[in-house]
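I opened this notebook to keep track of what I looked up about enclosed empty space. My entries follow the order in which I turned to each topic.

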Amino acid sequence: MATTTTHASVADRAQPPMLVAGPVAWMRANLFSSVWSSLVTLALAYFLIKFTVGLIDWAFLKSVWTVPTDPATGKLNPDACRQAKGEGACWAVIWDKYRFILFGRYPYEEHWRAAIVLVLFLGLFVVSAMRRFWRPVLALIWVAVLVSIFTLMWGGVFGLRYVAQDEWGGLPITLILSTFGLACAFPIAVLVALGRRATNLPAVKLICVIYIEVIRGVPLISLLFMASVMFPLFMPVGLNPDKLLRAQIAIILFAAVYLAEVIRGGLQALPKGQYEAADALGLSYWKKMGLIILPQALRLVIPPLVNTFIGFFKDTSLVLIIGIFDLLTSGKVAVTDPIWQAFSTEVYIMLGLIYFCFCFSMARYSQSLEREFSKSVRR
Amino acid sequence: MSNGTQPAIQLDKVNKWFGQLHVLRDVSLEVATGEKVVVCGPSGSGKSTLIRCINRLEVHQEGRILVDGTELTDDTRALDTIRSEVGMVFQSFNLFPHLTILENCTLAPIWVRKMPKAEAEALAMEFLTRVKIPEQAKKYPGQLSGGQQQRVAIARALCMRPKIMLFDEPTSALDPEMIKEVLDTMIELADSGMTMVCVTHEMGFARQVADRVVFMDRGEVVESGTPHEMFESPQTDRLKLFLSQILRGH
């Protein structure tokens, strides 16, 4: 190296040589660093390519997108799908059933209302995610959206047809349960986490500990059963809150426990000096918590918080067992149609994609939040 | 509230235990308004515990502590009032890392004193100028050096316009070259007439500003007097030993 220090070679070295940086070097270092590693790389590449080719073949090249209507019966004729079975996907089932999967048994001609509800939800998510809306007005937006959503779903006013809650279904149910479940569970969780650490209020602390341990020790399914089957038995005759509300409360109580424990982790991770500095300035308990402790503690626990959020978004599908028609239920019911019974894979792929879109967005959003917050605390 | 003769701080036979460990034994101490008291002693002597009892970050178990004429009890309202009158500077700065320097300083005036934001910011800038870092106002604590952070901590406490300032080993966590800038700030504050209680190992600082030095060992006040008396003619063997150790280090 020392022999090549002419002007030309220095100019050449303005960029690192290909074998030290760049894609070739990267592949050498990471994929072909030894004989074994090269063999593993080649084997994995073979399977990856074979799988991808097979998937493209199945999903796009040999797939059936639509099937003709049988003129004799007026129903769809899935023969084309049956012939392609095993080689190509039958997307015709999605094409035929997508409205049922999205909206369940909601009256067909009123689907536009449920569709507006979905748009409202997406709008609510986008607005809530933007930091410039993190002001008290956001609470008003939430209440307004909540009222519009339930007005649209129920109807019975403004000339909208009344739709009983039993007929609601699909994605709106999943979004109602998860969004309002987590939104209500979060403030409860903060209070419970603070309560569990209130050593100078032993009664409050005991209640919080019992609440956390009892609910956490019981599966969500049994809590949902309690809410749907046992709870009405204890209620006075005539007073029977609807099934969705009962499931919603069960989910809130359950999610609050998990969130509370995550938040408690953040409270404990903060150095004692932060509490003392706030005390020394004469801040009252709630100001200390609201201005100093919680803003820092919640930032610390963004990853596990979002983890819990994502978990609960998917756990709402457990309401299937108490007969609430959420997204997963409507997918399952869609494939009980005799025409489509053999094509559940395609439906489940679509359901999986819908769940994935929501969960992946949450994950990405949490990463961007973490990045933004770490800017201010970076040393 | 305070008349001319009433001491700013009054400790009367204060006792405290951590479990079985008796950390404060019958400590009595009076600090007059405007007086500067330096508390020194070997580590584990209870000096930090003593100063932390004065704004009840630690709770004493026996005896009475009066701050500005008000006794410290479980009454949290009264306690928050006392704390807002007593500024505290910690060894580890304890700035709020999620807030800017300016927000660190304006937080308590706005939320405890109910001061309008603009007024609080003007006040904060005034004190940040006094500790010589007004240009850092928009930065976050993590972007400042240790010495700068400690000066911000002093400014933050001063923004509450406290009657008394407590310093708990304010220079012990600092690199040597930053100790002077913090001590200079404290000397300036002392010259302005502030009542100060300061736990420190900086004997040069004690000589320069202290009206009185209190020497503690094993939880009790062993000796106290003017810096001159204490350093030139120590009466007890414990103080002699302590001085010989601490002076050897300097």
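**Notes on the cavities**

I began with the smaller entry on my list, and by class I found that the lining of the second largest cavity has 3 nonpolar, 1 polar and 2 charged residues. I keep in mind throughout that this is a predicted model.

I then looked up which residues those are, and the second largest cavity turned out to be lined by Arg130(B), Val131(B), Leu158(B), Thr185(B), Glu188(B) and Leu189(B). Its main contributor is helix H6 of chain B, residues 176-191, which gives the most to this lining with 3 residues. For the volume of the second largest cavity I noted about 40 Å³.

Next I asked how many cavities of 30 Å³ or more the structure holds, and the count is 2.

I turned to the largest cavity, for which I wrote down a volume of about 70 Å³. It is lined by 13 residues, and those closest to its centre are Ala280(A), Leu281(A), Gly87(B), Met88(B) and Ala157(B).

Which elements supply at least two residues each to the lining of the largest cavity? I found helix H12 (272-280) of chain A, together with helix H2 (76-85), strand S6 (86-89) and helix H5 (146-158) of chain B. Strand S6(B) provides the largest share of that lining, namely 3 residues.

Last, I looked up the classes for the largest cavity, where the lining residues divide into 9 nonpolar, 2 polar and 2 charged.

Definitions and conventions
Residues are numbered from 1 along each chain as its sequence is written. Chains are lettered from A and ligands numbered from 1 in the order in which they are written. This is a predicted model: local features need pLDDT of at least 70, side-chain atom pairs count only at pLDDT 80 or more; totals for chains, interfaces and linings use all residues. Side-chain values use heavy atoms; hydrogens and water are left out. On a 1 Å grid over the protein atoms alone, a cavity is a set of points where a 1.4 Å probe fits but cannot get out, and a pocket is an open set with protein on both sides within 12 Å along at least five of seven lines; lining residues have an atom within 4 Å of a point. Grid points are joined across faces, edges and corners, and a volume is the space filled by probe spheres set on the points. Helices (H or I, at least four residues) and strands (E, at least two) are DSSP runs, numbered from the N terminus. Ala, Val, Leu, Ile, Met, Phe, Trp, Tyr, Cys and Pro count as nonpolar, Asp, Glu, Lys and Arg as charged, and the others, Gly among them, as polar.
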